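Here are a few notes to go with the model, jotted down as I went through it. Have it open while you read.

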Amino acid sequence: MKKKWIGMLTTVGLLGSLLAGCGGAPAAQSGTSGGAPQANTGSGGAATEEYEKATIRLAYNLPQDHHISKGIEDFAKKVEERSGGNVKIQVYPAGQLLSDKEMNQAILTGGVEMGVNSSTLWASVVPAMGIFDVPYAIPTSYELAGKALSGSVGDKLKAEMEKKGAKVLLFADYGYAQFANSARPLKMPADFQGLKIRSIGHIPSVMIQAYGAAPVFMGAGEVYMALQRKTIDGATSGTTAMVQRKYDEVSKYLTISNYAYLEFVLAVNKKYWDNLPAKTQELINTTAKETEEWIRQQAEQEDKATAEQLKEKGMEVYVVPEADLAAWKEAAKPAWDEYVKTAGDLGKELLEEIQNIQ
């Protein structure tokens, strides 16, 4: 009898194995059905939670070969790679999706999740952001400028942006602003008298007027033709843009005064950001910080290289001596007053703080 029972148990066991192998019985499941994504195993053998799938649209208007654009493209690529392909950032470059004038509203309303735009344009939403345009307010040192943005000045600006519905992920350094013109060398503010200069924003326009010139507003893509047709005498911009837009072909003189530290901002809709998983937020923040540092290094290199290129292309370059900068700053005082008027107590506080960065 005992032998018979053993034989029956053996037969049942074999039958169960056959059924399992043919899919006739469910395999054991780990975790709970329909719950959080299953853990996968990394190369080290430790279990790591997968990133929740997300597709994020990111728009910018700069040329694709600009150093900021290269940094942003690399940022998007790294986020996707590091998330195992689960967090995808779809990049729309060079104004393909939105113009710079449309960008801020699109970010604030969620028309696009992320976007890159100039601090000058953000100043219409957050007046304190205009500090980057205040003549000679930002230290003429890439290291000190970076220290200000990575410290309390940057934190306060980010907080103001969040109040309006946009979270700043990184400050993208464009570089210092200079003057190009076809009339005469600009060696002192008095040399601006009677000229028409393309401006990049409200605060720089006040400075240009204080110097005795007439500010003219137009899109970046219109400047070359305007200089060529002499509807304007000059323009202010970074030397990186001057090279890309071939200012050397239509203007003769370049003045290096480093009067403003042009910034672009990578921002994300705050409501969208708050709904992202903490793990995804951490990944994006970490990658953004790396990107910010890389762009800052590139800004310094590009400023030096493009200024030299413009000289090689035939422009007469005048570098304002450090001893003369006080006169340029004093003549631009109305622009400082205008900033404090528009940005209020916070603007005054930021100006005082940024002047004491060491």
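**Notes on strand 6, a helix pair and Lys88**

1. Let's start with a single pairing: Phe179 in strand 6 has Thr236 of strand 9 as its bridge partner. Bear in mind throughout that this is a predicted model. The two strands run antiparallel and share five bridges, with strand 9 covering residues 234-238.

2. Phe179 turns up again on another strand. Its bridge partner in strand 10 is Thr255. Strand 10 (residues 253-256) is paired with strand 6 over three bridges, again in the antiparallel sense. So look at Phe179 with both Thr236 and Thr255 in view.

3. Which strand pairs with strand 6 over nine bridges? That is strand 11, residues 261-269, and the sense is antiparallel. For a landmark, take Ala172, whose bridge partner in strand 11 is Phe264.

4. How many of the residues in strand 6 are buried? The strand spans residues 166-181, and 16 of 16 count as buried. As background, side chains in a regular strand alternate between the two faces of the sheet. With that in mind, check what covers each face here.

5. Now the helices. Helix 6 (residues 152-164) packs with helix 13 (residues 333-355) at about 160 degrees, the axes lying 10 Å apart. Angles over 145 degrees count as roughly antiparallel, and therefore that is the label for helix 6 and helix 13. The crossing of helix 6 past helix 13 is left-handed.

6. Who touches whom in that pair? From helix 6 the contact takes in Ser152, Val153, Lys156, Leu157 and Glu160. Helix 13 brings Leu346, Glu349, Leu350, Glu353 and Ile354. Sorted by class, the contact of the two helices comes to five nonpolar, four charged and one polar residue. I'd show the side chains of Lys156 and Glu160 along with Glu349 and Glu353 when you look at this contact.

7. Last stop, Lys88, which sits in strand 4 (residues 87-92). Is Lys88 buried, exposed or partly exposed? Its relative accessible area is 37%. Buried would need under 20% and exposed over 50%, so Lys88 is partly exposed.

8. What does Lys88 contact beyond its neighbours within four places in sequence? The list is Ala54, Thr55, Ile56 and Glu80. Ala54 is worth a click: it lies 34 residues from Lys88 in sequence, yet the C-alpha to C-alpha distance is 6.2 Å.

Note on methods. Residues numbered from 1 in each chain as written. Predicted model: local features only at pLDDT ≥ 70, side-chain atom pairs only at ≥ 80, totals over all residues. Heavy atoms only, no water. Axes fitted to C-alpha atoms, helices over the stretch in contact; angles between N-to-C directions. Helix = DSSP H or I, 4+ residues; strand = E, 2+ residues; numbered from the N terminus. Parallel < 35°, antiparallel > 145°, perpendicular 65-115°, else oblique. Left-handed = near helix turned anticlockwise from the far one by under 90°. Contact = heavy atoms within 4.5 Å. Nonpolar A, V, L, I, M, F, W, Y, C, P; charged D, E, K, R; others polar. Buried < 20%, exposed > 50% of the residue type's maximum accessible area, 1.4 Å probe, protein only. Pairing = 2+ DSSP bridges.
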